[in-house]
Amino acid sequence: MVKPVIIAMALFATTVHAETFKFFGSAGAEWQLTPANAASALNPGNVARLPYRTGSGDAVAFLDAAPESHVWKLHLKLRGDAAEGGGQKAGIGEASLQLNPRPWLDVTIGRIIEKWGTGYAWNPTAFVSPKKNPADPTDRLSANRGIGMVRTDLFVRGTNVSLYALDHGAVAARVYRLVGGTDISLLFRRDGTATQQGISAARVFGDALELHGEVARRRALAGGQYTFKSNVNVVVELYRGGDGLDAGAFRAFRTAADSAHDEAAIRAANTAYAPLHMARNYAFVRFDLPHDKFDAELIAITNLRDGSLLARATLTRRLLANVSVYLIDTEFAGARASELSYMQVRRVTTTGARYYF
Amino acid sequence: MKSIIAIALFCAMLPSTGRTGESDLRVDAASVLARADVFRNPIDSFSVDVELTSFAPGGRTDISRFRVFGKGSDRSIVEFTFPQTEKGKYLLMLRDAMWIYMPSASRPIRISPLQRLMGQASNGDVARTNFSIDYDAKSVAEDGDAFVVDLLAKDPALAYNRVRLWIDKQSYEPRRADFYVVSGKLIKRATYRQYGTMAGQRVVTEVEIDDLLRPGNRTVMRYANLTPKENAEKMFTKDALGKW
């Protein structure tokens, strides 16, 4: 569905007159050190041949065009990546045409990134959203890619209803309303194999505290954020994912991984290993401290069954109004045979620079 | 973040002196406040450009620019236009409720008023003083050629429990506002420094906010290009944020 829509958009753009253009984005380069974790049963002696050092560059651009009346709007998100060693790719992350035939009605068609839910690290109700990485919840490189859809938004007396026709005959719906200061969303998705329903909520108490939660079948999240007078922002979340491995399934994985000695068995164990999906209960905490032109962030995610831990520290420095540099270090800790002790690398250290336009 | 709150609410209550007020000392506090409030919202639906400069001890400065779309006295959208690192972000304020939209997040996120989204010193929490909506006028006094209206917060959760507002007796232009926390401590001061004419209305064009807890930290907000603009109702809904 997406390609014909993009072609139609291009034709549309050549025949109409836009008065409002917005063009912005960023380009960056970064380098990573990824020392192999020789102690991991999934990468003994670095059989995976993970490079110690890698480099990459990327650029992302957003373009919006609309007439003064805003009766229509074109939106594009373009992205290109280049990896050290020659790998390059470019693509369209989003491409949509929005029509506003009535003040209370929008119809949007194309490739769209749609994100549902109120959680910071996980979104159990994100039935139509790109997969989220709790260790990079803000998608810092804007790498997410949309899916093809026709979205109809109705704005009726403080209630927003969004109806979705998705690829492969799937449909979805979302109803949102601010009820007594609380954001409430009811969410639904149905395709040929399953029906999903969920609810999400968020509320602010006073000046500093926000609480949120999401519930869907087999998955739930509860969390909150608090901002101190010193500007330290803390996010805490508890996540229950019924689709993660139970204790028995994880024991089976451990047994298979620890007894894997030939290449095929090791490859199979690697395929089965999905960090942060090997248990059902996780906790997340994030501290963020902005100070002058610096921003320091610490994210920690722990498996509540075995206590293994992922910790990511980020220090960002804004050099100019449009240039920032950063250093990110991700460490993994845990007892032998705990979930994160199987990580194939000991740590990931990233440094980079980004130019914004 | 604080700066954004400041911009949005100060824009929503841009003072105007389009009418010349008469000094009437017999009026009570509520009527003085009501009269002053008339001048704080010259255009019901508008856009305005805002530049915010934060000064810190040692001469360090930080500049941010925004375009603000307002409707009524308690609805506004702040579009971040500078620095480039902030482009594409929008903040929606519906009275006390706030959401931020970031292009990378692709969704509006509920935030609390104290949350900072920009790494700069500012005094935006002063913006909680949407006087007409958030405060009751308790008393009025005189201080030379100004009325001094004492305001008490309707909601105890507000950052500033009490505000003292100086209003020019003749023009009803706000001159200064002092902000107190529950303990009675004076912590912020806003000074309405310059007025000018925009969109045919005499409005404030520069406000300075001093952080009295951190001497030397101050923020200057400058307004330009105030334009009447018929902002659609749906713009001011969470789900439309970033989509229009």
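Which residues is L92(B) in contact with, once its neighbours within four places in sequence are left aside? Point 4 has the reply; here are my notes, starting with the basics.

1. **What we are looking at.** This is a predicted model, where local features need pLDDT of at least 70, side-chain atom pairs count only at pLDDT 80 or more, and totals for chains, interfaces and linings use all residues. Residues are numbered from 1 along each chain as its sequence is written, while chains are lettered from A and ligands numbered from 1 in the order in which they are written. The model scores ipTM 0.78 and pTM 0.85.

2. **Chain A overall.** Chain A has 3 helices and 18 strands (DSSP runs numbered from the N terminus, helices being H or I with at least four residues and strands E with at least two). Its radius of gyration, taken over C-alpha atoms, is 22 Å, which agrees with the value near 21 Å for a compact globule of 357 residues. That globule rule is 2.2 Å times the number of residues to the power 0.38. Along the principal axes, the C-alpha atoms of chain A fill a box of roughly 65 × 50 × 45 Å. Buried residues make up 34% of chain A (buried is 20 or more other C-beta atoms within 10 Å of a residue's own, exposed is 12 or fewer, and partly exposed is in between, with C-beta atoms placed from the backbone).

3. **Chain B overall.** Chain B has 3 helices and 13 strands, and 50% of its 244 residues count as buried. Contacts (C-beta atoms, placed from the backbone, within 7 Å) often reach along the sequence here: of those in chain B with a separation of 6 or more, 55% are between residues 24 or more positions apart.

4. **The core and L92(B).** Back to the opening question: L92(B) is in contact with I77(B), M98(B), W99(B), P108(B), F236(B), K238(B) and L241(B), leaving aside neighbours within four places in sequence. L92(B) is also one of the residues with the most contacts inside the largest nonpolar core, along with L91(B), V149(B) and V163(B). A nonpolar core is a set of buried Ala, Val, Leu, Ile, Met, Phe, Trp, Tyr and Cys residues joined through C-beta atoms within 7 Å; this one has 52 residues, and β5(B) gives the most to it, with 5 residues. A second, separate core has 24 residues, including Y120(A) and M343(A). In soluble globular proteins, nonpolar side chains tend to be buried together.

5. **Strand β6 of chain B.** Is this strand enclosed or open? All 5 of the 5 residues of β6 (107-111) in chain B are buried, so the strand is largely enclosed by the rest of the structure. R107(B), I109(B) and I111(B) point one way from β6(B), and P108(B) and R110(B) point the other way. β6(B) pairs with β5 (residues 97-102) of chain B in the antiparallel sense over 5 bridges (pairing needs at least two bridges found by DSSP), and M98(B) stands opposite I111(B).

6. **Where the chains touch.** The contact takes 31 residues from chain B and 46 residues from chain A. On the chain B side, β6(B) gives the most, with 3 residues. By class, that side has 13 nonpolar, 9 polar and 9 charged residues (Ala, Val, Leu, Ile, Met, Phe, Trp, Tyr, Cys and Pro count as nonpolar, Asp, Glu, Lys and Arg as charged, and the others, Gly among them, as polar).

7. **Backbone spots to check.** In chain B, a cis peptide bond joins F82(B) and P83(B), with omega about 0°; P83(B) lies in the loop between β3 (75-82) and β4 (90-94). In chain A, D139(A) is not a glycine yet has a positive phi near 50°, and D139(A) counts as partly exposed because it has 18 C-beta neighbours inside 10 Å. R218(A), also not a glycine, has a positive phi of about 70° and lies in the loop between β11 (209-216) and β12 (219-227).

8. **Where to go easy.** Chain B averages a pLDDT of 78, and 79% of the residues score at least 70 (pLDDT is the predictor's confidence in each residue, from 0 to 100). Over residues 11-26 of chain B the pLDDT is below 50, and over residues 117-129 of chain B pLDDT stays under 50. Where pLDDT is low, the predicted coordinates should not be read in detail.

Notes. Contact = placed C-beta atoms within 7 Å.
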